[in-house]
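Biologist: Got a minute to go through this one with me? Pull it up and we'll start with a helix.

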Amino acid sequence: MSERKLKKPVDELRKDLLADAHTQSIAKTLGMTTEAYVEKVLHYATHPDEKPVFNLLPDAEVKAQGGATVEEVKSWLEKVRSGKIQLGPKAYQDGFEPSKPKK
Amino acid sequence: MSFFSSIGKALGGALDTVTKVADFIKKPLDMITQPLQNLINPILDKLPFGIGSFIKPFADQFLSSAVGFLAGGPLGGLMSTLTTVDGAVDKVDDVLHTVDGVVNGGISNLPAEALSNVQNGTAFAQAQSLFS
């Protein structure tokens, strides 16, 4: 059993989360109401030993659909770590390409 | 209607050709993050421009279609990244917003099984900030 304790009582956390702009934004991105998303967050907060369980496809199915396997992701990460793939400051810093001067 | 023909319909026919009904494997968080965490941690530790400079190219590479959210590698990478921020809500929001801009149709239009993965993973990640 986990010994982790919450920073505040659940009702106070709920109030804080409902009023938080980032939490509202996350809920919207996930296609949920803020209320439903906050209850999901609080579920994990009040069940500290529970971790999410994910729905996954077998690797063969992933490949058939054009997705990447664990080994392919590991290979990409190795290339990033070794410098073969650069996570550059330009293209990915802010998502915008530098503007070109007008002629 | 099969699962994948549903995906194809939702995402503009990208997966229309597949008619097989998918059999899902259920895996807990640790099983999908463990193979990748020791590769991702040193990358995130050394990024000069923050977590966004990792998650954007990662999402471009692996999370642009629904299948990425049902695959242990791409989803494991996303979850490893989300859990690295210790629930910091602004960073969770940033990561999710970046991925949302990459996925075809946006996260909220993912098929139910894929969307459930992202909803639960994100809620779990944010909940970590509520512990003292």
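Biologist: Which residues are buried in helix 4 of chain B?
Modeller: Here goes: Gly72(B), Gly73(B), Pro74(B), Leu75(B), Gly76(B), Gly77(B), Leu78(B), Met79(B), Ser80(B), Thr81(B), Leu82(B) and Thr84(B) are buried in that helix. That makes 12 of its 13 residues, so to speak a mostly covered helix by the definition of 20 or more other C-beta atoms within 10 Å. Bear in mind that this is a predicted model.

Biologist: How far apart are the end C-alpha atoms of helix 4 of chain B?
Modeller: They're 17 Å apart. At 1.5 Å a residue, the 13 residues (72-84) should span 18 Å, so the two agree.

Biologist: And what happens just after helix 4 of chain B?
Modeller: Asp86(B) takes a positive phi there, about 55°.

Biologist: Switching topic: what's the mean pLDDT of chain B?
Modeller: It's 85, with 83% of the residues of chain B at 70 or more. Among its elements, helix 1 (residues 3-10) has the lowest mean, 48, and helix 6 (residues 112-127) the highest, 97. Over residues 8-20 of chain B the pLDDT is below 50, and that stretch has 24 contacts in the model beyond near neighbours in sequence.

Biologist: What ipTM does the complex get?
Modeller: The predictor gives 0.85, and a pTM of 0.85.

Biologist: How many residues does each chain put into the contact?
Modeller: Chain B gives 60 and chain A gives 48. On the chain B side, helix 6 supplies the largest share, 13 residues. By class, that side has 35 nonpolar, 17 polar and 8 charged residues.

Biologist: In what sense do strand 1 of chain A and strand 1 of chain B pair?
Modeller: Antiparallel, over 4 bridges. Within that strand of chain B, Lys26(B) stands opposite Asn55(A).

Technical notes
Residues numbered from 1 in each chain as written. Chains lettered and ligands numbered in written order. Predicted model: local features only at pLDDT ≥ 70, side-chain atom pairs only at ≥ 80, totals over all residues. Helix = DSSP H or I, 4+ residues; strand = E, 2+ residues; numbered from the N terminus. Expected span 1.5 Å × (residues − 1). pLDDT = per-residue confidence, 0-100. Contact = placed C-beta atoms within 7 Å. Nonpolar A, V, L, I, M, F, W, Y, C, P; charged D, E, K, R; others polar. Pairing = 2+ DSSP bridges.
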